[in-house]
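Thanks for making the time this morning. I would like to go through one model with you, taking charged pairs before turning to a helix, so please keep the structure open while I talk.

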Amino acid sequence: MGLSEKQRDELRQAMQNIQADDALPFLEKEHIDHSVLKNLKEHDLRECGIPLGLRKKIYEYIKSQRPANSEHASQLDLECLNSELLSLREDVRKIHEAVTEMASQLKNAEDHRRDDDLYDEYDMNDAEDVREL
């Protein structure tokens with residue numbers, strides 16, 4: 001069961017107002033209507049697969065719909081910041097793993113190069129020994 005025509009129109013109008021029409025398929029796929037949209041956090045938008053630029057526009061719109069200086073808005077902002085921090089930590093962890101793997105591969109390549117150099121040197125010494133005979 002998807003969105004009703006009224007819900008779809010309401011969401012479409014909101015997205016058109018902020019030039020974020022391209023986000024509609026992502027939101028509709030997740031059955032997000034305007035009433036749900038108002039309670040989303042930025043990480044929720046990321047999980048929907050919405051690209052960064054659209055995500056920022058939509059999140060600014062969401063924040064603008066909240067009552068100013070309300071405790072609820074402050075709590076949502078803190079939750080959003082915490083969520084973003086967790087997401088950034090995960091990104092940093094993945095980058096660290098990738099860098100560690102690349103460093104290991106680089107070390108292995110260097111070890112192989114040294115082995116090849118030693119082998120080449122050994123072959124050259126053998127060739128000189130054979131010539132002396």
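Lys56 has a relative accessibility of 40%, so it counts as partly exposed, and I start with this residue in what is, I should say at once, a predicted model. Its partner is Glu42, with which Lys56 forms a salt bridge whose closest N and O atoms are 2.8 Å apart. Because Lys56 sits in helix α5 while Glu42 belongs to helix α4, residues 42-47, the pair ties together parts that are 14 residues apart in sequence. Is Glu42 itself buried or exposed? With a relative accessible area of 6%, Glu42 is buried, since the cut-off for that class is under 20%.

Staying with helix α5, there is a second pair to look at, Glu60 and Lys63, which form a salt bridge with the closest N and O atoms 3.3 Å apart. Both residues lie within α5, 3 residues apart, which is about one turn of the helix. Glu60 is partly exposed at a relative accessible area of 46%, and Lys63, at 32%, is also counted as partly exposed.

A further pair is made by Glu30 and Lys29, where the closest N and O atoms of the salt bridge are 4.0 Å apart. Here Lys29 counts as exposed, with 61% relative accessibility, whereas Glu30 is partly exposed at 36%.

Over the whole structure, the search finds 13 salt bridges. Beyond the pairs I have described, Lys107, Glu110, Asp111, Arg113 and Arg114 are linked in a network of such bridges.

Let me now turn to helix α1, residues 5-17. At 1.5 Å a residue, its 13 residues should span 18 Å, and the C-alpha atoms at its two ends are indeed 18 Å apart, so expectation and model agree. Which residues of α1 are buried? They are Leu11, Ala14 and Met15, and because these cover an arc of only 95° around the axis, they fall on the same side of α1. The other side of the helix carries Lys6 and Asn17, both of which are exposed.

What do the buried residues of α1 pack against? Their partners are α2 (24-29), α3 (34-37) and α5 (52-65), the last being the helix that holds Lys56 as well as Glu60 and Lys63. Finally, just after α1 ends, Gln19 adopts a positive phi of about 50°, and with that residue I will stop and take your comments.

Note on methods:
Residues are numbered from 1 along each chain as its sequence is written. This is a predicted model: local features need pLDDT of at least 70, side-chain atom pairs count only at pLDDT 80 or more; totals for chains, interfaces and linings use all residues. Side-chain values use heavy atoms; hydrogens and water are left out. Helices (H or I, at least four residues) and strands (E, at least two) are DSSP runs, numbered from the N terminus. The expected span of a helix is 1.5 Å times one less than its number of residues. Buried means under 20% relative accessible area, exposed over 50%, partly exposed in between (1.4 Å probe, protein chains only). The arc is that of the directions from the helix axis to the C-beta atoms. Contact means heavy atoms within 4.5 Å. A salt bridge is a side-chain nitrogen of Lys or Arg within 4 Å of a carboxyl oxygen of Asp or Glu.
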